[in-house]
Amino acid sequence: MQGKTIMEMPQKTNKVKIAYFSGTGSTARVADTLERELTGRGVSVVKLEIRAGNHPSNDKEDLLILLFAVHAFNAPKIVYKWIDSLSSDNKRPVSAAVISVSGGGEMTPNTACRVSSIRKLEKKNFRVVYEKMIVMPSNWVVKTDDGLAIRLIERLPSKVERIVDDLLAGIVHRTRPKLIDRIFSRAGKMEKTGAKLFGKKIRVNENCNGCGWCEKKCPANNISMLDNKPVFGSECFLCLKCIYGCPNKALKAGIFKFIILKEGYDLRAVEKRMEGIKPARLEELAKGYLWKGVKEYLLEE
Ligand SMILES: Cc1cc2nc3c(=O)[nH]c(=O)nc-3n(C[C@H](O)[C@H](O)[C@H](O)COP(=O)(O)O)c2cc1C
């Protein structure tokens with residue numbers, strides 16, 4: 001992957017729209033941090049969560065920042081749908097930045113995770129000037145060690161500060177993923193079929209008290225309550241919000257159980273567990289190829 005950074009004459013950025021998709025809270029944390037940083041610098045910010053039924057507003061921003069959690073080397077399906085629903089009759093191109101949030105960082109094949117969303121935005125007459133990866137703890141398959149997770153969480157504000165510096169200074173940063181990463185990223189879209197099945201097979205255990213939290217929170221509107229128990233449709237795209245977020249821990253995966261972290265996924269719980277504890281050295285925490293992207297991210301200035 002090659003990065004290309006050039007300096008442009010900065011245009012005044014007065015109004016920014018942050019549109020974000022977050023399944024389990026990491027990307028929401030990035031969106032909040034970005035909003036705080038921008039408003040602190042006098043920029044007016046509109047923040048919009050991407051979820052079924054939330055349509056793009058018509059008000060014009062100087063810059064759209066699209067943020068999403070990386071799913072199978074891609075943006076989640078709901079993000080592509082959201083871009084498709086944007087109007088394309090802009091008289092002038094609006095600038096856009098695409099920021100992906102992953103557990104593994106900017107490494108093969110994640111480097112191609114922004115390609116499709118950028119292409120779709122360009123078709124809608126956006127001028128994508130900036131792209132970047134933020135790394136947060138992993139919410140699937142392999143747990144990020146608490147020591148590494150807290151380093152990522154604590155590093156977020158300075159990473160965001162840097163992004164805002166770049167955006168307000170008119171720095172253009174685009175990357176060129178390798179062909180092999182693009183191929184993986186395309187193949188990753190097959191995950192969508194598995195996701196539908198995953199949703200259909202979620203099990204409800206005896207802890208369920210019919211509170212309806214999952215129905216309210218599902219970003220795909222895929223859950224409805226029937227006789228006080230959740231029933232799942234075929235719109236699941238595997239964000240895992242319902243499984244990790246259920247207040248009664250009543251939802252369990254019926255298939256693909258290996259993707260669910262036994263300890264759950266909760267950034268605040270990590271922060272609490274790590275209170276007053278000094279994390280081990282990065283070299284000890286991020287050993288091996290799997291954590292290469294995370295290590296590089298944390299070492300990067
Ligand atoms: C179905 C699924 C697929 C994922 N695929 C990837 C991936 O391809 N690469 C990666 O680095 N992380 C992947 N992740 C991890 C998330 O991108 C990461 O944990 C992110 O911080 C989650 O953001 P959220 O809490 O806003 O949903 C995946 C997570 C899920 C649930």
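A residue is called buried here if 20 or more other C-beta atoms lie within 10 Å of its own. By that rule, 40% of the 301 residues of this protein count as buried. The model is predicted.

**Overall build**

The protein contains 11 helices and 11 strands. Its C-alpha atoms fill a box of roughly 60 × 50 × 40 Å along the principal axes. A compact globule of 301 residues would have a radius of gyration near 19 Å; the protein has 19 Å, so the two agree. Contacts reach far along the chain. Among those between residues at least 6 apart in sequence, 81% join residues at least 24 apart.

**The nonpolar core**

The largest nonpolar core holds 77 residues. Six of them touch the most other members: Ile65, Leu67, Phe68, Ala96, Ala97 and Val101. Helix α4 (residues 146-169) gives the largest share of this core, with 9 residues. Domain 1 (2-188) and domain 2 (191-259) both contribute residues, so the core lies between them.

Phe68 deserves a closer look. Leaving aside neighbours within four places in sequence, Phe68 is in contact with Tyr20, Phe21, Thr27, Ala75, Pro76, Val79, Ser100 and Val101. One of these partners, Val101, is in the group of core residues that touch the most other members.

**The ligand shell**

The ligand is surrounded by 23 residues. The closest are Ser22, Gly23, Thr27, Ala69 and Gly104. Thr27 is also one of the contacts of Phe68. Helix α1 (26-40) and strand β5 (94-102) each supply at least two residues of the shell. What classes of residue make up this shell? The table gives the split.

| Class of shell residue | Count |
|---|---|
| Nonpolar | 10 residues |
| Polar | 13 residues |
| Charged | no residues |

Where does the shell sit relative to the two domains? Domain 1 (2-188) and domain 2 (191-259) both give residues to the shell, so the shell lies between them. The nonpolar core, too, lies between these domains.

**A loop residue: Glu206**

Glu206 is placed in the loop between β8 (203-204) and α7 (213-217). Is Glu206 buried or exposed? The cut-off for exposed is 12 or fewer C-beta neighbours within 10 Å. Glu206 has 7 inside 10 Å, so Glu206 counts as exposed. Glu206 and Ala250 are 44 residues apart along the chain, yet their C-alpha atoms are separated by 6.8 Å.

Note on methods:
Residues numbered from 1 in each chain as written. Predicted model: local features only at pLDDT ≥ 70, side-chain atom pairs only at ≥ 80, totals over all residues. Core = buried A, V, L, I, M, F, W, Y, C linked by C-beta atoms within 7 Å. Helix = DSSP H or I, 4+ residues; strand = E, 2+ residues; numbered from the N terminus. Domains from an automatic or database assignment. Contact = placed C-beta atoms within 7 Å. Near = placed C-beta within 6 Å. Nonpolar A, V, L, I, M, F, W, Y, C, P; charged D, E, K, R; others polar. Rg over C-alpha atoms; globule rule 2.2 N^0.38 Å.
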